[in-house]
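User: Could you take a close look at one part of this structure for me, the place where a helix of one chain packs against a helix of the other? I'd like to see what surrounds each partner too.

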Amino acid sequence: MCGLCGVLGSEAHWTDAAGPDRPSGVPPGGSTRRQERLHRVRLANKVLKHYGLTLADWDGACFVLRSRTGRSAIVQHLAALWPVAERMSRRRCDPLDAALIAAVERE
Amino acid sequence: MAAADLIPVNIVTGFLGSGKTTLLRRLLASPELANTAVLVNELGEVGLDHLLLRHVDETTVVLPSGCVCCALREDLSAAVRDLYGKRERGTIPKFDRLAIETTGLADPAPIIFTLMADPVLRHHFRVGHVVTTVDAVNGATHLTQHPESVKQVAVADRVVLTKTDLTGREHAEALRAACRRVNPAAPIFEAAVDPIGPEQLFIGDPADPSGARQDAWRWLGVAPGTPPPETAAGQVSPHDRDVYAFSVTVDRALDWTAFGIWLTMLLNAHGDDILRVKGILHVVGVPTPVVVHGVQHLVHPPVHLDGWPTQDRGTRLVFIVRKLPRQVIERSLTAFNRLATVGERVA
């Protein structure tokens, strides 16, 4: 979302708040926090491969973004992911990019 | 602490001379707002003699990697922290609401950002309704010539047309239509004729469960394909013409994770041009609607509603954007959402 997210640390992000993993309730369908993070990594990787990047969970605390050339960076949550992905891939990560949409539709 | 327990902050904004202080003075006369603290950016000609009135010097810190909406208003943060400290020490009355009057040229987004991102304030305050005043005498000119004015209307939860008693009916209706084009979901009041008290303008914001439902259903009423405004030559400015609202729908329940990936990516790429986004979502595994609400790069904590009003449980997102195509946004969201069903969860 912006640089301040990193400054303020890893407080809960809105994307953590409302889904099956929402902190305020029992996860329906038996989804655990770990399952949810793995689901997040799997989905994000389907998008990130378009940019030659991969994401991995790091002990349930944060995520590690890696490039094919071996560069890596730690990100706390989804909003912090995209600016880092853009710097690492040197490409604009735009969900309205026709080529990306077509690639996602082929998944 | 639950959102409903946080102190609501109402932002009163509007262009220069549009009647912000007059409106605020009128509102503060209500007994319901007797325990309201007030912060003002500029001391205008109309005096406010409220008990907890404070003045804020405008000092904005733009972070190196940040955009304008993600600017931290250090002055505001310090002023609100100071107020809260005095409230807790008992040196000022225990106010239960805060009203902030912005400068006429202010962008409300950094104020919202400061309240949501400040590590202290976010645990004690929440953003309530943003109320925007539009002056019937000069408002049409402001909307035509000043992008700040268009943005103030776009981020509003409530719009108040002022000075309509000084113009003809036709003029007031044209201004109402212009505001409606920029922000089709916010109720529009006329200060001269409508009842405008705390109940209409301040109370019932999204963190209030009853308010969230009412507000969410209002947004649902926005037409799916509200087109950009007609561009009658000489009548609509580039600022006005480029900002428009539309809603998108998704044909199946949303996977929350896929939605989070998509919206964070969208706001990172286009947040400057997404003035508002509000959605009533049918999320996989969640039986009741989830409301999301964002202003540019900022997204409020999602709110769960009690239930759906009808059998229609479709997801609908309303966007107020600057020159972004509805069809592409809808196709992109649908594609990302389907990612979750490919060898993953099924809606």
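Analyst: Here's a walk through that helix contact, and then outwards into each chain. Bear in mind that this is a predicted model.

Let's start at the contact itself. The two partners are helix H4 of chain A, residues 98-106, and helix H11 of chain B, residues 326-339. Their axes sit 9 Å apart and make an angle of about 30°, and the crossing of H4(A) and H11(B) is left-handed. On the chain A side, the residues that do the touching are Ile101(A), Val104(A) and Glu105(A). Across from them, H11(B) brings Arg331(B), Ser332(B), Ala335(B), Phe336(B) and Leu339(B). Sorted by class, that gives five nonpolar residues, one polar and two charged.

Now stay on H11(B), since it has a partner in its own chain as well. Helix H10 of chain B, residues 256-270, comes within 8 Å of H11(B), axis to axis, and the two cross at roughly 140°. With angles over 145 counting as roughly antiparallel and 65 to 115 as roughly perpendicular, H10(B) and H11(B) are therefore oblique to each other. This crossing is right-handed, whereas the one between H4(A) and H11(B) is left-handed.

What does H10(B) put into that contact? It offers Ala258(B), Phe259(B), Ile261(B) and Trp262(B). H11(B) answers with Ser332(B), Leu333(B), Phe336(B), Asn337(B) and Leu339(B). Here the tally is seven nonpolar, two polar and no charged residues. It's worth clicking on Ser332(B), Phe336(B) and Leu339(B): they turn up in the contact with H10(B), and they also turn up in the contact with H4(A).

Stepping back to the rest of chain B, you'll find 11 helices and 15 strands. Of its 347 residues, 51% count as buried. Among contacts with a separation of 6 or more in chain B, 75% link residues 24 or more positions apart. For an exposed spot, try Thr91(B), in the loop between helix H2 (74-89) and strand E6 (97-101) of chain B. Thr91(B) has 8 other C-beta atoms within 10 Å, so it counts as exposed.

Over on the other side, chain A has four helices and three strands, laid out along the sequence as α-α-β-β-β-α-α. Of its 107 residues, 33% count as buried. Contacts between residues 24 or more positions apart make up 31% of those in chain A with a separation of 6 or more.

The three strands of chain A form an open sheet in the order E1-E2-E3, with antiparallel pairing. Strands E1 (53-58) and E3 (72-75) of chain A are at the edges with a single partner strand each, so one side of each has no neighbour in the sheet. On average, neighbouring strands of this sheet are turned by 25° against each other, ignoring direction. Between strand E2 of chain A, residues 62-67, and E3(A) there are four bridges, and the two run antiparallel. If you want a register mark, Arg66(A) stands opposite Ser72(A) in E3(A). Helix H3 of chain A, residues 78-89, lies across E1, E2 and E3 of chain A and runs at about 15° to E2(A).

Technical notes:
Residues numbered from 1 in each chain as written. Chains lettered and ligands numbered in written order. Predicted model: local features only at pLDDT ≥ 70, side-chain atom pairs only at ≥ 80, totals over all residues. Axes fitted to C-alpha atoms, helices over the stretch in contact; angles between N-to-C directions. Left-handed = near helix turned anticlockwise from the far one by under 90°. Contact = placed C-beta atoms within 7 Å. Nonpolar A, V, L, I, M, F, W, Y, C, P; charged D, E, K, R; others polar. Buried ≥ 20, exposed ≤ 12 C-beta atoms within 10 Å, placed from the backbone. Pairing = 2+ DSSP bridges. Parallel < 35°, antiparallel > 145°, perpendicular 65-115°, else oblique.
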